[in-house]
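Please open the model in a viewer and keep the sequence panel visible. The tour below proceeds by selection, from backbone details to the packing of the interior.

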Amino acid sequence: MFSLKKSILPLFVVICVLLLSSAWEDERGLFYQPAHWPKPTYDFKNNPLTDEKFLLGKALFYDPVLSVDSTVSCASCHLQYTAFAHVDHALSHGIQSRVGKRNAPGLMNLAWMPVFHWDGGVLNLNAQPVNPITHPDEMGSSLKVVLAKLNGSPVYQKAFKEVFETEKIETHHLMKALAQFTVSLVSANSKYDKVMRKEKGIHFTEQEEAGHRLFQKHCNECHKAPLFTTHEFKANGIGLDPALADFGRMSITQKSKDSLLFKIPTLRNIAYSFPYMHDGRFAKLKDVIQHYATLSASKGLKSKEFSKRPIALNDNQQKDLLAFLKTLSDTEFLFNKKYSFYSLKSK
Amino acid sequence: MGDFLRCVLFFFASNLVVAQIQFTPTFLRSDFQLDQWYSLGGDDSVQVTTFKFYVSNVQCQGRSISVNPLDNVFLLDAADSSSLTIPTSRIEKEADFTFHLGMDSSLNTCGFLEGPFDPLLGMYWAWNTGYIQLKIAGSGRFGGVLVPFEYHIGGYQHPNAACEKVGVEVGNEPIQIDMHRFLKSLPYASEPRIMHPCPTAKRIHQNFATCFH
């Protein structure tokens with residue numbers, strides 16, 4: 001009897017931990033504020049989160065109804081398992097295999113993001129979906145067409161009526177529903193986070209620790225924790241691709257000093273969100289590290305971070321840095337069913 | 001007491017009118033119409049097919065006509081005569097109005113997508129968050145040559161912000177928009193198309209602001 005109790009005890013403890021862990025998951029709700037993170041920039045008062053609106057937004061995110069020929073959804077270029085980025089394609093493609101000029105960025109922690117797109121041309125998450133919906137190389141549609149399709153759908157009519165109490169679906173209903181889902185994409189549970197939170201039994205390996213030190217010395221100024229970006233615009237030294245003629249931030253500000261500046265991307269889940277840079281120029285993370293590690297000040301850089309403090313890393317140091325960057329992967333986020341495919345039509 | 005209240009109410013009622021603020025585009029004292037050809041003098045003439053613009057922060061005698069700044073934004077479209085009238089609550093007779101022609105940076109970037117902010121209205125700049133403050137398009141005949149023109153005037157950042165403060169003293173009369181003066185000022189020959197914030201766009205908007213009286 002005693003031995004039975006003894007053998008059941010560990011199992012009991014495991015079950016309790018699982019239950020508690022599961023309860024913790026639920027308590028976080030749709031959106032949560034990780035400890036010691038800054039205050040979100042998103043205006044939740046203007047679009048209070050509800051389970052129903054979140055699900056409607058999730059259904060829309062995964063529904064190709066938003067594209068003109070109903071072939072491409074938001075998820076076509078933003079896949080959950082790759083940190084909501086578009087892998088295998090340097091430049092993201094939209095309807096009819098049309099190829100755009102930029103690499104679709106990963107989507108996470110958007111509640112803290114003050115500007116959107118590689119050039120910072122979009123300032124509000126609520127309005128952001130207008131761009132992919134109307135871009136001819138992405139969804140190629142118009143708000144008029146999309147709203148007509150949604151208003152003509154009994155399923156969406158019913159859903160919007162239930163959550164927005166409206167007979168007619170308008171632009172702001174659609175945008176708010178989508179934002180309910182995208183603003184809820186919080187990734188803050190990587191190995192790095194667990195180490196920082198001093199969770200029991202979680203430690204960096206020696207290599208990761210060495211990589212962390214290198215990161216703090218060379219990368220942290222732009223890829224600042226906890227968001228691993230300052231949301232500023234910098235020249236990363238890869239230069240202009242003449243075929244694309246993409247001058248980045250300058251196209252928004254019209255100022256020559258902003259030529260070839262692009263928004264600093266977050267490095268969270270970076271091991272999953274290949275390829276890299278605004279034009280997807282590097283297929284592998286090690287290529288990116290090598291680029292920075294061998295970048296000299298003679299390449300006409302406009303970014304003071306590199307011209308004043310070039311990064312020089314030997315092969316081993318590059319491997320250490322790579323090991324650290326992999327600790328930023330948050331598999332709970334990447335495989336969380338809360339963010340997975342959902343359709344109202346199957347309900 | 002009842003008589004006193006009636007006297008007070010009568011006093012205020014005599015100085016207040018139920019009013020609207022009416023904007024009337026005119027061309028040399030005639031009502032201006034879309035799609036009609038107008039002579040600018042000599043061999044020059046123009047036809048406008050699209051003409052719409054934003055007005056915000058409307059104030060009467062220094063007081064905003066709305067508590068919420070988001071409710072004090074109006075898109076006036078020559079193709080929709082009802083949009084040329086801004087409904088207000090009671091306003092004073094012989095009132096001085098001021099308004100912003102266009103929207104300031106906070107309104108441009110507020111992310112509010114309802115009513116006049118709806119991107120469906122064709123004034124939203126998706127590629128660079130903000131709104132076209134003035135859209136005017138059409139054709140001109142200059143010395144017998146047909147020249148299409150299209151101006152999307154917007155931007156809210158210094159130095160090219162398209163937002164001008166306009167003051168008018170009209171009492172209960174409509175606010176006239178002098179289209180002759182405005183159409184004569186457009187740079188048809190040098191820049192028949194402008195689609196982004198720039199010094200010329202700013203100048204066009206500033207010229208437009210002088211056409212209200």
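This is a predicted model. Begin with P226(A), which is found in the loop between α9 (206-218) and β1 (233-234) of chain A. The peptide bond that joins A225(A) to P226(A) is cis, with omega at about 5 degrees.

Next, select P275(A), whose place is in the loop between β2 (262-263) and α11 (285-293) of chain A. Here too a cis peptide bond is present: F274(A) and P275(A) are joined with an omega of about 0 degrees. Most peptide bonds are trans, and most residues other than glycine have a negative phi.

The second part of that statement leads to the next selection, H36(A). This residue is not a glycine, yet its phi is positive, at about 70 degrees. H36(A) sits in the loop between α1 (2-27) and α2 of chain A. Is its side chain buried or exposed? H36(A) is exposed, its relative accessible area being 81%.

Move on to S97(A), in the loop between α3 and α4 of chain A. S97(A) likewise is not a glycine and has a positive phi, of about 60 degrees. With a relative accessible area of 62%, S97(A) counts as exposed, because the threshold for that class is over 50%.

Now turn to the interior and select α2(A). Eight of the eleven residues of this helix are buried, so that α2(A) is mostly covered. The buried residues are K53(A), F54(A), L56(A), G57(A), K58(A), A59(A), L60(A) and F61(A). Show the neighbouring helices as well: what covers these buried residues includes α3, α5, α6 and α7 of chain A.

Within α2(A), centre the view on L56(A). Leaving aside residues up to four places away in sequence, L56(A) touches Y156(A), A159(A), F160(A), V163(A), F164(A), A177(A) and L344(A).

Widen the selection to the largest nonpolar core, which has 72 residues. Which of its members touch the most other members? They are L56(A), L60(A), L66(A), Y156(A) and L174(A). The elements that contribute two or more residues to this core are, in chain A, α2 (51-61), α3 (74-77), α4 (130-134), α5 (143-151), α6 (154-164), α7 (171-182) and α14 (331-334), together with β6 (73-77) of chain B. The most comes from α7(A), which gives six residues.

To finish, select I21(B), F182(B), L183(B) and F208(B). These residues are among the members of a second, separate core of 46 residues.

Terms used
Residues are numbered from 1 along each chain as its sequence is written. Chains are lettered from A and ligands numbered from 1 in the order in which they are written. This is a predicted model: local features need pLDDT of at least 70, side-chain atom pairs count only at pLDDT 80 or more; totals for chains, interfaces and linings use all residues. Side-chain values use heavy atoms; hydrogens and water are left out. A nonpolar core is a set of buried Ala, Val, Leu, Ile, Met, Phe, Trp, Tyr and Cys residues joined through side-chain atoms within 4.5 Å. Buried means under 20% relative accessible area, exposed over 50%, partly exposed in between (1.4 Å probe, protein chains only). Helices (H or I, at least four residues) and strands (E, at least two) are DSSP runs, numbered from the N terminus. Contact means heavy atoms within 4.5 Å.
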